[in-house]
Amino acid sequence: MKKNRLSVAVFPLNIGGSNATKLEFESIFVPPYNAGHFGIYLTSSPKQCDLIVITGTGTVKIAEHAMRLVESLSPDIKLVVLGSDTISGAPFAGCYGVAGPIQPSESVKDTDLKLPTGRKIDAYLAGSPPDPQSILDAILELYQSK
């Protein structure tokens, strides 16, 4: 696989759930995947990132805060949604503590996790949870297609 010449700062945004997808995402930064080798690294500030990776079901308590954060960021920041629970809400959809899966603002579903108008999700990666190699490949494909 060709090295990525870009430096990609990633901010992980966990919006609740079982954390299985979050653990798989974090494992791309250790051997044998070693995302740092390709120029991908974690950052603790959403204002200084190039990419936000969203994991989790989307609980009622975090929904408003997460969408406000996404709305405040530059439109140049890419959004990647990881895991079936983040994409569809399954298996937690309909539970009293779940706001719903993340939806574009044009979506017909009524949800507290509606993205601000004009924001789009750059990549969806399904799986429960998706494996680390798929996550790494998706991020590399997103930035190497520039």
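## Strand 3 and the sheet around it

Of the 146 residues in this protein chain, 47% count as buried. Keep in mind that you're looking at a predicted model. The accessible surface of the protein chain adds up to about 7800 Å², and carbon and sulfur atoms own 53% of that.

Now for the overall layout. The protein chain has four helices and five strands, and if you read along the sequence they follow the pattern β-α-β-β-α-β-α-β-α. Take the contacts in the protein chain with a separation of 6 or more: 79% of them come from residues 24 or more positions apart.

The five strands form an open sheet in the order 2-1-3-4-5, with parallel pairing. At the edges sit strand 2 (40-42) and strand 5 (123-125), each of which pairs on one side only. On average, neighbouring strands of this sheet are turned by 25° against each other, direction ignored. Helix 4 (residues 132-144) packs on the sheet and touches strand 1, strand 2, strand 3, strand 4 and strand 5. The direction of helix 4 makes about 160° with that of strand 4.

Let's zoom in on strand 3. This strand, residues 51-55, is mostly covered, with five of its five residues buried. Which way do those residues point? Leu51, Val53 and Thr55 go one way from strand 3, while Ile52 and Ile54 go the other. That split fits a general habit: in a regular strand, side chains alternate between the two faces of the sheet. Here, the residues pointing either way are buried.

Strand 3 has a parallel partner on each of two counts: strand 1 (residues 8-14), joined over five bridges, and strand 4 (residues 78-82), joined by four bridges. Here's who stands opposite whom:

| Residue in strand 3 | Opposite residue | Strand of the opposite residue |
|---|---|---|
| Val53 | Pro12 | strand 1 (residues 8-14) |
| Val53 | Val80 | strand 4 |
| Ile52 | Leu79 | strand 4 |

So what does Val53 face? Val53 stands opposite Pro12 and also opposite Val80 in strand 4. Ile52, for its part, has Leu79 as its bridge partner in strand 4.

How does the chain get from strand 3 to strand 4? Helix 2 (residues 60-72) comes in here: strand 3, helix 2 and strand 4 make a right-handed β-α-β unit. In short, strand 3 is a buried strand that pairs with strand 1 and with strand 4.

Notes
Residues are numbered from 1 along each chain as its sequence is written. This is a predicted model: local features need pLDDT of at least 70, side-chain atom pairs count only at pLDDT 80 or more; totals for chains, interfaces and linings use all residues. Side-chain values use heavy atoms; hydrogens and water are left out. Buried means under 20% relative accessible area, exposed over 50%, partly exposed in between (1.4 Å probe, protein chains only). Two strands pair if DSSP finds at least two bridges between them. A crossover is right-handed if, with the strands pointing away from the viewer, the path from the first strand over the helix to the second runs clockwise. Axes are lines fitted to C-alpha atoms, for helices over the stretch in contact, and angles run from 0 to 180 degrees between N-to-C directions. Contact means heavy atoms within 4.5 Å. Accessible areas come from the Shrake-Rupley method with a 1.4 Å probe; for residues, only the protein chains shown count as cover.
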